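Thanks for sharing this one. Below are a few points I jotted down while going through the coordinates, in the hope that they help when you set up your own look at them.

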Amino acid sequence: METQVNQSTGNKKRPLIIGLAIIAVLAIGATAYAMFVDLSPRELYLKSEMNTFKALNESFEDSFGDALALSEKQMEEAYKSEASVGVDVDPAMFGAGGMEAALIGSVLQNSEFKVTTQHDPKKEEGSVGMALRMNDADLMNAEFYQNNKQTAVNVPAAYDKNVYFENSQFGDVMRKFDPAYQGMEKLENFFKAVDGDLSEDARDEAFEEFAKVYADSVKDENVEMKDDVDFKGEKLRELTVSLSEKETKTMLVNFVEKIEKDDEILDAIAEQSALQGGLQTGMMAPTGNMSKADAKKEIKTLLADAKKAIKDDLQVPGGMKQVVIIDGDDKVVSRNVTMKIGANGEEAVPMNYKSESWTKGDVTNSSWVLNAGPENETLLVDVKMESEPKGKDGKKRDIKAKFEMTENGTTEGIGFQIKGEGTDKKSKWTANLVPAGDAPMELPDMTLEIEHTGDQNLDKDFANHDYKVTLKGNDATMGDINVGLNIKTKTTFGDKLKFPELSEGKAVNVAEMSDAEMMTMMSEIQRNIEQFIGENAQMFQ
């Protein structure tokens, strides 16, 4: 990030500026967690933001509550999850392709890929087993196991024992295969990385703190109110929030400083960065080897650079203006944010974000529109959703979106439409690409269908979810297309997990093998692979 800011050319500054603009827009959603008795325009505005956020959060919980609850439980309790993926192919698709195509269709129709995950978050230990099945029998399987000390791999078709190494020996193992290896010396625990996240309470507390930063940035003099403004045939209240350039930049600096002072957030980010082999900055890949302490120092450096960029390079001529309309329940039903952003030495880029949400009868209409960029180089993101109740506890939704880029007077783009209905127990959705722009591109005649059935009761320690994903359409060369994936998942808690035993006779430590022992093992692996290919020659042909 800091590299982009310190470049002298405007084009290299623009990614940072766009990023800061997004932060500014997102900051609008942060609200003060307090209730007021005699509401001034500022207090009414902050209350309306809080009410709107709570309503959105409740809507999100209603839509994804089962998935969120399952994810939370998986981060706290040991579980076993089995997922199978089968292919459903219309044989007629391969009729014109001859015998080879028919064989491919037969193999796909009779094959299944299975993944078994076991994870104990308290012990930070887990395994992932994969199996390719044909005609209801395992053709090939493999298992990856890891804890805080060791990593093991087992592929029975290639070698009949677990091959393992101490995580601290990763560099030594890599140099056995490539003497010039100079990457990561210690392999971090993947399952620890899965667990390394802020707790729900910590996330709520962090949000509340950031909301206070935003609330403190909005003063009484920044907010004006107007009554009886027309919105969809109703007379509602309008609040205008205006922040000067200095106030906008101060708000952004305050957000950065809040992160700088929050050790819990810094520690969580640093731990994830260390587990992933280091930080990724701009176009640079992770360094491959970084401790948590070093990652935390690097994050603080990046934050300091970002703060300096905001103070020295960011330009927000005219500041940021936001107009919101609130209903009788003190919730935002319309939002319009406008600002210009740029950096020293380049022209400021206009940005405009509009959103609306209103209900008529049982139908709720929502829209989100983002325009960004100079007049001759504009990006448009336009999303609309219509939602209404469907049966008991069900929803019916129609979502339309388009993405357009206007350059030199020509607008190109692409869009999609998603329609569906159902509950968390059973639902069906369809998705299609749709034309967008002045000269729409030719789109394939394809429809994606997704059907879901769920049976989840976390109090009884189980969650079963099945999905059928089908691609239907027509292609000029293949004709009618009908391909489906049948995905079945079964998750159970409380079962005793079974992990591989890394003991002498059942496992070999590849890091401690002599060159002669390594050559012997590799020769055996080669023979086993050749034998496997010979026994399954028809599939490989």
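**Notes on strands, charges and salt bridges**

1. Gly361 is a good place to begin: this glycine takes a positive phi near 70 degrees in the hairpin of β12 and β13, where two residues lie between the strands. Please keep in mind throughout that the model is predicted.

2. The two strands of that hairpin run antiparallel, with ten bridges joining β12 to β13 (residues 363–372). Beside the turn, Lys360 has Val363 in β13 as its bridge partner.

3. On its other side, β12 (residues 349–360) pairs with β11 (residues 332–343), again in the antiparallel sense, over eight bridges. Within this pairing, Thr338 stands opposite Asn352 in β12. The hairpin of β11 and β12 has five residues between the strands, and there Gly345 takes a positive phi near 95 degrees.

4. Now to the charges. How many salt bridges are there in the model? The count comes to 24. One of them brings the side chains of Asp330 and Lys47 together, at 3.1 Å from N to O. Asp330 sits in the loop between β10 (320–326) and β11, while Lys47 belongs to helix α3 (residues 41–74), so this pair ties together parts that are 283 residues apart in sequence. Are the two partners buried or exposed? Both Asp330 and Lys47 are buried.

5. A second pair, Glu260 and Lys307, forms a salt bridge whose closest N and O atoms are 3.0 Å apart. Because Glu260 lies in helix α8 (residues 245–261) and Lys307 in helix α10 (residues 292–312), the contact ties together parts that are 47 residues apart in sequence. Lys307 has 17% relative accessibility and therefore counts as buried, the cut-off being under 20%. There is also a network to look at: Glu208, Glu209, Lys212 and Lys258 are joined into one by salt bridges that share partners.

6. Arg133 and Asp138 make another salt bridge, with 2.7 Å between the closest N and O atoms. Here Asp138 counts as partly exposed, because its relative accessibility is 43%.

7. Finally, a surface feature that may catch your eye in a charge plot. Lys390, Lys396, Lys400 and Lys419 gather there in a patch of positive charge. Where does Lys390 lie? Lys390 is found in the loop between β14 (377–389) and β15 (395–407). Its relative accessibility is 39%, so Lys390 counts as partly exposed.

Note on methods. Residues numbered from 1 in each chain as written. Predicted model: local features only at pLDDT ≥ 70, side-chain atom pairs only at ≥ 80, totals over all residues. Heavy atoms only, no water. Patch = residues over 30% accessible without salt bridge, like charges linked within 9 Å, V, L, I, M, F, W, Y side chains within 5 Å. Areas by Shrake-Rupley, 256 points an atom, 1.4 Å probe, with all protein chains shown as cover. Salt bridge = Lys/Arg side-chain N within 4 Å of Asp/Glu carboxyl O. Lys, Arg positive; Asp, Glu negative; His and termini not counted. Charge placed at Lys NZ, Arg CZ, Asp CG, Glu CD. Helix = DSSP H or I, 4+ residues; strand = E, 2+ residues; numbered from the N terminus. Buried < 20%, exposed > 50% of the residue type's maximum accessible area, 1.4 Å probe, protein only. Pairing = 2+ DSSP bridges.
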